[in-house]
Number of protein chains: 2
Amino acid sequence: MTDARTPSGASAPSDAEIAALDAHWRAANYLAVGQIYLMANPLLEEPLAPEHIKPRLLGHWGTSPGLNLVHTHLNRIVRTRKRRAMCVWGPGHGGPAVLANSWLEGSYSETYPDVSRDRAGMGALFKQFSFPGGVPSHVAPETPGSIHEGGELGYALTHAYGAAFDHPELLVACVVGDGEAETGPLAASWHSNKFLDPVHDGAVLPVLHLNGYKIANPTVLARLPEDELDALLRGYGHDPVYVEGDEPAVVHRALAAAMDLAVDRIDGYQRAARSEGASARPRWPMIVLRTPKGWTGPEEVDGLPVENTWRAHQVPLPGVRDNPDHLRQLEEWMRSYRPEELFDSEGRPTAQVLECVPEGTARLGATPYANGGLLLRDLPLPPLENHAVRVDRPGTVLHEPTRILGGLLEDVMAATADRRNFRVVGPDETESNRLGALYEATGKAWQAEVLPTDEHLARDGRVMEVLSEHLCQGWLEGYLLTGRHGLFSSYEAFAHIVDSMVNQHIKWLRTSRRLHWRAPVASLNYLLTSHVWRQDHNGFSHQDPGFVDHILNKSPEVVRVYMPPDANTLLSTADHVLRSRDYVNVIVAGKQPGFDWLTLDEARAHCARGAGVWEWAGTEDGSREPDVVLACAGDVPTLETMAAAGLLRRHLPELAVRVVNVVDMTRLLPHEEHPHGMPDAEYDAVFTRDRPVIFAYHGYPWLVHRLAYRRAGHSHLHVRGYKEEGTTTTPFDMVVRNDLDRYRLVMDVLDRVPGLGVRAVAVRQAMADARTRHHAWIREHGTDMPEVADWAWEG
Amino acid sequence: MTDARTPSGASAPSDAEIAALDAHWRAANYLAVGQIYLMANPLLEEPLAPEHIKPRLLGHWGTSPGLNLVHTHLNRIVRTRKRRAMCVWGPGHGGPAVLANSWLEGSYSETYPDVSRDRAGMGALFKQFSFPGGVPSHVAPETPGSIHEGGELGYALTHAYGAAFDHPELLVACVVGDGEAETGPLAASWHSNKFLDPVHDGAVLPVLHLNGYKIANPTVLARLPEDELDALLRGYGHDPVYVEGDEPAVVHRALAAAMDLAVDRIDGYQRAARSEGASARPRWPMIVLRTPKGWTGPEEVDGLPVENTWRAHQVPLPGVRDNPDHLRQLEEWMRSYRPEELFDSEGRPTAQVLECVPEGTARLGATPYANGGLLLRDLPLPPLENHAVRVDRPGTVLHEPTRILGGLLEDVMAATADRRNFRVVGPDETESNRLGALYEATGKAWQAEVLPTDEHLARDGRVMEVLSEHLCQGWLEGYLLTGRHGLFSSYEAFAHIVDSMVNQHIKWLRTSRRLHWRAPVASLNYLLTSHVWRQDHNGFSHQDPGFVDHILNKSPEVVRVYMPPDANTLLSTADHVLRSRDYVNVIVAGKQPGFDWLTLDEARAHCARGAGVWEWAGTEDGSREPDVVLACAGDVPTLETMAAAGLLRRHLPELAVRVVNVVDMTRLLPHEEHPHGMPDAEYDAVFTRDRPVIFAYHGYPWLVHRLAYRRAGHSHLHVRGYKEEGTTTTPFDMVVRNDLDRYRLVMDVLDRVPGLGVRAVAVRQAMADARTRHHAWIREHGTDMPEVADWAWEG
C-alpha cells in the first residue's frame, strides 16, 4: 500500500542516491548487530569464533532496522533541504541503531574520542554496548542527539512537541513504536497538534512504525483494519502517508517520497500561516511505516520464524558462543550487509555510505537542540520588590500566595514575549491555582475552534492547558531539554500521575550532570497547590501529599523540595528555582488566603537558610536552651504552629518555646547525603540535641523521620502530619482529624516537657475542651468556630 | 445533528413516556441543586431565605444535568428491556446527580435509612452533601451503585470494561466526560474493545458527554470538526450515534432512540457471536451526547454567561447567603423544575417521576454488580504441594520463583474455566515474567486480527496483555470491584505508572471497609518482578524499587508488602494474598534463577510469621544474644546476606551471627500503626535491643528506617539498599555499586561489632581485595567472577 503520491517540491532520488541510502542503512544495521554480539573482530576480518562473542548477549534488535531506516532518510532530508531537525526515538530500546548512526556520521567520535571512526573505534563501539562500564542498551543521556531516554514508553510524542514549541525553524521527527502507541500518554499526545502554532512553533513529523509486535504479542494498531487505522489517525488530526514493504529498494523510494511529501506539506502550512495569515489548523502530515520487526535479521532460528515476529524483539540468535550453528548464522547475517562495501580497510565508512550524511551541527547526533543547555538564555526575572506583599506585623494580613506568584510569572511571561523561552503548563488548573495574571501577558495555546464566550485562548499563547498531567509533563520536559524554561502547576494529589515520568527525567538529569559535554538545562519546576489540607470542593479523593516522598527517594544531586509558608517566601523560592539548572524543584504552596509572616527581606534571608528559628515567634530569651521546639513546614502546619505558640504564650508564659520553620526539606538530611543537608552542628543549634521537638509537617509524618533519623535529637522528635484522615470538610476540621491542630500541638508539648506540674493539667483540659467545642460547632454550622476562623497572631 | 435512525427492536416512547422521563430528569436536577445549596426548606415550602443556604457552597453543578439525563434514560432501558445493567459515572464530581437518582429510586434510603424518601430525608440528603460529617461531593464508595470514585479522571472506561469482562449478561454504561477524554489513560482505553469477547463478556456502552468545558477551558473533543471527531471514534472501533440539543423534549426523544438503537445493536452482536458463531469483532455502538454544560441552570449571572460555559462547572451562583439577587435567582432556578409536580406533599417522588424507575436489584443504585463482594466466590486454589520445589539443603538448588508461581496460576486458571472469575493482567510481560504456564490453561484475550505465527491469542482468553499499565490496572480494578479475582504482574520500576491509580483504589477500599453494606472484595494483588537488581537487558532506565514506598504511605488497614526470598515462600505468599479481601498486596519477587532456601513447610511457617530468625543460617548457639544480626528482605539481598553469613562463618567462626529474613515488610512497623506490626517484645526478641543489625534491603534503605524508627534497637540498625547507582551491568556488579554486596556487608559487621581485634583487620582486607578482584574481572570479562557466579551455601 505504498503511497503513490509524489512530492511536489523535491525530485525523487536517483538510482545512485537510493543505492547510497541503502549502503548507509546496511552499514547502520551491521553496526547494530555488531554492538549486540561482538567484542572483537568487528570487521569480520577473520571467521567469527566464540571468543569474538560477548559472554552476555543483551540488547534489542527488533526495532533497530526500522530506526536505522528512518535515520538514514532523515539524513537525506536534512542534507538535501538544509533543514534544522532533530529526532525523538520512541523505541529507545533500539539503542544500537541510534548509536550506529551517530558513529557513522562522526558525532559519536567527536563526543567520545576514544571511540574513533575506524577499526579500533568500531571495536570499542561494539564492546562497550551493554557491557559493564560501557553504555546502556537503551537510548540515554550518553547518546548524542537524544533528549529522550529509552525505557518506560509513552512519552516520545510529547517530548517531540515540547521540543518544537517556540522553535519555529525546527523540524522534530518522532518515531512512535506501535507498542508505545498502546500506552495512555502516547494515545493522548496525538492531540498535541491542537496546541502547536504553525507561526511560532516548529513542526512535528510523527513516524508511526508498525513493526507489528511487542515483546511477546502483536500490537493493537498493527492489527486494525486499514480503514479503522486511517480513521483513527485522521481523527487525531493528521493526514497520514503510508509506506509499507519488505523489499529495501522499494521501501527506500517510498519512504524518500513520503518524507519529501510530508516536508513539502509542512513547509506549505507554515508558509500559509506565516506569510499568508492562514488561521485554519493544519492537518499535519505523518508517516505510517510498516516494515517487518527485525527486518534483515534471521528469518528462522531453530525451526521457528523470527523475522517479522515478536521473537525478533531482543536477541534473535541466542547462545551464539556455545552453539556453532548460531555462530554460523550470525556470521552469515552480518556478512549479508556486505561490510566490505561499507567500510574501508581501516574500518572507516565509505564515501557512498556517508553520501546522505549532513554536516556539522546539522547532523542529528550533533544538533544543539538535543543538548539544549547550549541554547539556554537566562530568564529575565523582575525585582521581587515589584511583587512582594507588605508585612508590617506578622500573622495579621492575608494573601493568596500563588496569586502573588502569578504577578511575578506575568512579568516573566511579558519579558519573554519576543524571545519566547518560557511556558507554564497545567492540567486545566492555572486559573484555579490563582495564576490567572499570566493572561495579562499571554494567552492559552489553542488551535482548535474558538467561540465568542471563550477567554484567553490564543494561537500563540504560552500557557498550556490540557486535562492531562502526562502531556503537561512531557511537553515541559521536551521544552526544557531543548533549552528553555518553564513551570508546571498542579493539584498536589494528582502530581502522582507523573511519578514515573519525573522518575525518568530525574534519571536523565542525574546522568547528564556526569557528562561533560551536556550543558546544564533549566530545572523542571513544580508548583503543587490545591494541597491536601484545602480540598474543600473535593475531599478525600483529592488528598495525598506523597509526591514529595517520591521525589526525595531520588538522586540527591537532582531533587529539591520547598515548602514556603507565605507569599514572600514563595516569591523568593520561585525566584531561586527559576534561576537554577539541572534540578527537579518541587514547591508546595497554598492558593487559599493565608497569613503573611515575613517581609521580603526576611523571606529572602529565611529561604537562603532554608530552615531557621523565628525568634520573634518564640518565648526563649537566649540565655539557655529552650524547653521545647515547635517546628513546622508548609503553610497550614505553620499556621497551626503559630497558633499553638500563641496558646503557649498565653497559658504557659514561663515556658521557653522556640519556633523553627523549614522551607527547604532537604536541609533536614545529613550533609553527607544531600548537598543542602545541614551539618550536624548546625542542625543541633537549630533543633537542639535533647529538647522535645514537636514538628508539624505538611505531608506524611514519617518523611521527617526518614530525613532526620541520624540526628542526635531524633529520639526527641515528634512529628504530626497527614495520616490519611481525609474527607470533604472545613480547613480546621482537616487538621483536627489528623491531629495536626493547634490544640493537639499544645497537648503534645504538655506530654513531652517534663516538670510542668499542675498547670499542665488545666491547660490540657482547656485544649481538650476546645477540640470538643470544635466538633459540636462544626456539626451544627458546617464552618469553623469563630475562635479559629478569626484567629490572628498576637505576638 | 440528532441521529435520524430509529431503533429496530423497540418502540419509540409515547408523549406520556417522554413527559415521565422529563419529570424524572427535572426531579433529579432539582435534587442536585438542592444538595449544593440548601440546608433547610428542601421543598421550597416557604420563600428561600439566607438561613436556608449552606454557609459553604461546594459541589459541581456543570456536569449534573447531563448525568441526570443519562441516568433517567438508563432507567428506561433497564426497565423496558429487563436488562441487567450498571453505570460507571466518569464525571464523578457530579456526585449530586448520582445521589439524586439513588434517592429517587429508593436505593439510597434502603442503604441509609436516616435519609428517607420523604421531606425529612430530602432535607437530610441536601444538608449532608459536602457538609462536615456528611457525604463527599464526588461519587465515592458511600454512593450506592458506584464502583468508581470521582476525583482523579481517566479511568472510567477501563473500569467499565473490567466490570463487563466475564459478565456476559451485563450491560455496563459508561459516561465519559470530554474533560476526562483528554487524559492519557482514557484515550488509550477506547481500544479496550479489542479485548472484549462478545460471547463471554458483557457489553460496554460508552456515552461520550460533550458538554464542552472543563474547569476553565473548552475541551479538545468538543471543538473538533464533526468529521474529525467521527473519524476518531470510528478509528477507536466504535459506531457512534449522535444526540445533540438543548430542547429537553427533543433530546429526550433522540436519546431514547439512540439508546434503543445502541442496545439493539449490542443485542445483535451478542446474538450473532453466541448463537451464530460470528467471529468478526463488532463495531460496538457508542453514544455522543452533546448538551450544554450546566444545562437548565442560570443562563447568566452578574452579566456574564454561565450556562453552556465553563463558569457552570462548580457553583454557578456564588455568595447566595449574602446576595439577595443571587438568592432570588436560585429560587427561580429551583422552581423552574416545578417541584410541586415532582414531589407530593410529604416530599415523596410522584408516580410520574418514578415511572421509568426499575425494581429491586435492577435499579442502578441497588445492583449487586456495583457491590461486587456480594457476588464473590472463593478461588479454587490447589494444594501448594503440587507446585512446591524440593529443597533437601538450602542454597544449593536454583529455581525461577515466578516460573514456579506460574504453575500455581495455571491451576487456578484451569479450575476457573467454567466460573471465569480470575484474570491475570500484564503490560506485555506475562511471558517475560515467567508466567507462561498460564497459557496451558487459557489464552491471551484478543479480538483483533490473528496471523498464523501468533501464539496463545484467544477470543476467550483470561490473560490480558496490553502495553499500558493504566489499562491493566483499570481493567483489574473494575473486575475486582464487581466480584472477581485477579493478579497484576509488572516490571517493578514501571509500577510507578499506576501510583495515582492505586492511590485511588486504596482510598476506595479504606472507605468501603468502613461501610457495613459494602461486602468485601478480592484484594488487588501485584506481582512486581524484573526488579531493580536484575535489569540486565535494560539498565538504569528500568531501575526503581520505590513502588512499595508509595504503597506504605497509604492506609495501613489496606496495604501489605511482601518480599518472599525464594520459590516456596513465593508460593505461600501468593496463596495467602489470593485468599485475602479488601487489601492491596504487593509481592516483590525475582524471575531469574535464585537459590531455594526453605522447604514448603518451612516456607509456610516463615510466611506465617512474616519475619523470623533462620537459625540454621547463623552461628549463634542460643546461650546468649548474638554479636550481630544480619537481616534481609528480598531475594537478592537474601543471597548477599547468606553469602556474607558464609564468609563470617569461615573467617570469624567465633562470631555469634544471627540471620533474620523479613517477608512481610509491615512486620517492622509498630503494632499500633499496622495490624501486622510486631509488638515491641517480639521485635526485640528477633532483632535484639542493642546488637548491631546489618539490614540488606531490596529497595531504598531509608524505608526500613521509616518503618523501624520507634524500635529500641533503631540506633543500632544499619541498612543497605538501592541508592540509585544503576546501569546496564551484571547482577553482582549492581549490588557492589550500591554497597549491598556480601563483602561490604561483612565489612559493615566488622565496623560495628566491637572487640574483634586484629583478626578484623585481615578479614577487612580480604573483603576489600575481593571487591578489587571483582572490578578487575568485570572490566575484562563482562561477567561475574567465578567465586560469585559459582557460589552456593555451605552451611
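The largest nonpolar core of this predicted model has 519 residues, and those with the most contacts inside it are Val172(A), Cys174(A), Val172(B) and Cys174(B). Such a core is a set of buried Ala, Val, Leu, Ile, Met, Phe, Trp, Tyr and Cys residues joined through C-beta atoms within 7 Å. A residue is buried if 20 or more other C-beta atoms lie within 10 Å of its own, exposed if 12 or fewer, and partly exposed in between, with C-beta atoms placed from the backbone. When neighbours within four places in sequence are left aside, Val172(A) is in contact with Met86(A), Val88(A), Ala160(A), Ala163(A), Ala164(A), Gly202(A), Ala203(A) and Val204(A), where contact requires C-beta atoms, placed from the backbone, to lie within 7 Å.

Because the model is predicted, local features need pLDDT of at least 70 and side-chain atom pairs count only at pLDDT 80 or more, whereas totals for chains, interfaces and linings use all residues. Residues are numbered from 1 along each chain as its sequence is written, and chains are lettered from A, with ligands numbered from 1, in the order in which they are written.

Chain B can be laid on chain A by a turn of 180° and a shift of 0.0 Å along the axis, with an RMSD of 0.0 Å, the superposition being by least squares on the C-alpha atoms of residues with pLDDT of at least 70 in both copies. The two copies are thus related as by a two-fold rotation axis. Among the residues of chain B, Gly184(B) comes closest to that axis, at 2.0 Å for its C-alpha.

In the interface, 95 residues of chain B are in contact with 97 residues of chain A. The elements giving two or more residues to the side of chain B that touches chain A include α7 (184-189), α8 (226-235) and α24 (757-781) of chain B; helices and strands here are DSSP runs (H or I, at least four residues, and E, at least two), numbered from the N terminus. The largest share of this side, five residues, comes from α8(B).

Within chain B, helix α1 (residues 15-37) and helix α9 (residues 248-275) pack at an angle of about 105° with their axes 10 Å apart. The contact is made by Ile18(B), Leu21(B) and Asp22(B) of α1(B) with Pro248(B), Ala249(B), His252(B) and Arg253(B) of α9(B).

Nine of the eleven residues of helix α23 (residues 742-752) of chain B are buried, so this helix is largely enclosed by the rest of the structure. What covers its buried residues includes β19 (628-633), α19 (635-651), β21 (693-697), β22 (717-720) and α24 of chain B. Leu717(B) is found in strand β22 of chain B and touches Val693(B), Phe695(B) and Ala708(B), residues up to four places away in sequence not being counted. Leu717(B) and Met39(B) are 678 residues apart in sequence and 56 Å apart in space, C-alpha to C-alpha.

Two residues other than glycine have a positive phi, and the table sets out their values and places.

| Residue | Phi | Loop | C-beta atoms within 10 Å |
|---|---|---|---|
| Asp739(A) | about 60° | between α22 (731-737) and α23 (742-752) of chain A | 19, partly exposed |
| Thr688(B) | near 70° | between α20 (680-687) and β21 of chain B | 20, buried |

Definitions and conventions: Contact = placed C-beta atoms within 7 Å. Axes fitted to C-alpha atoms, helices over the stretch in contact; angles between N-to-C directions.
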